[in-house]
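Reader: I would like to understand how the words used for a protein model are justified. Could we take them one at a time?

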Amino acid sequence: MKGTISSQQAELLVSIVKKYGMIKNCTWISFSFTSLQNISAATTNERLGYLVSLSTGSIATAATLKDGSNTVFIDADYGSITQPNVELALQSDIEVEAWTINDASITLNMANIGVSGITTDSVNVADVLRS
């Protein structure tokens, strides 16, 4: 989601996704914490991705989105990801994903420090992990 959506817009968006039977296959990703809060209020068991640099502050903020029934992850620019912060996020039950990596060695490094997902334009992540 680009920009911030209101609670009414979130409810409308969730109702459209439900109408087409896609709610269980949906991941909600946004730079806007408020938008993610509004989506969380409009549905249950959601998967929320907060697009933000990985830091102790962003981990603490993302953790407030957890409600016991949802999954929350931080989707961070790979340059902001460090192993200590990945470990801190995982201790808070927040997975870390990285974007946008187009280098095999960086992809492998991210996987080795515990990053659970990688967005790429050109790297075949499965091939990198098999090597």
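Author: Let us begin with Ile81, which touches Leu54, Ala76, Val86, Val96, Glu97, Ala98, Met110, Ile113 and Val115, leaving out residues up to four places away in sequence; contact means heavy atoms within 4.5 Å. This is a predicted model, in which local features need pLDDT of at least 70 and side-chain atom pairs count only at pLDDT 80 or more, while totals for chains, interfaces and linings use all residues. Residues are numbered from 1 along each chain as its sequence is written, and side-chain values use heavy atoms, with hydrogens and water left out.

Reader: Why does Ser58 count as buried?

Author: Buried means under 20% relative accessible area (exposed is over 50%, partly exposed in between, with a 1.4 Å probe and protein chains only). Ser58 has 6% relative accessibility, and therefore counts as buried. Ser58 is in contact with Tyr50, Val52, Ser53 and Ile74, leaving aside neighbours within four places in sequence.

Reader: What makes the protein as compact as a globular protein of its length?

Author: The radius of gyration is taken over C-alpha atoms, and the globule rule is 2.2 Å times the number of residues to the power 0.38. For 131 residues the rule gives 14 Å, and the protein has 15 Å, which is close to that value, so the protein is as compact as a globular protein of that length. Along its principal axes, the C-alpha trace spans about 45 × 30 × 25 Å.

Reader: How many of the 131 residues count as buried, as a percentage?

Author: Of the 131 residues of the protein, 37% count as buried.
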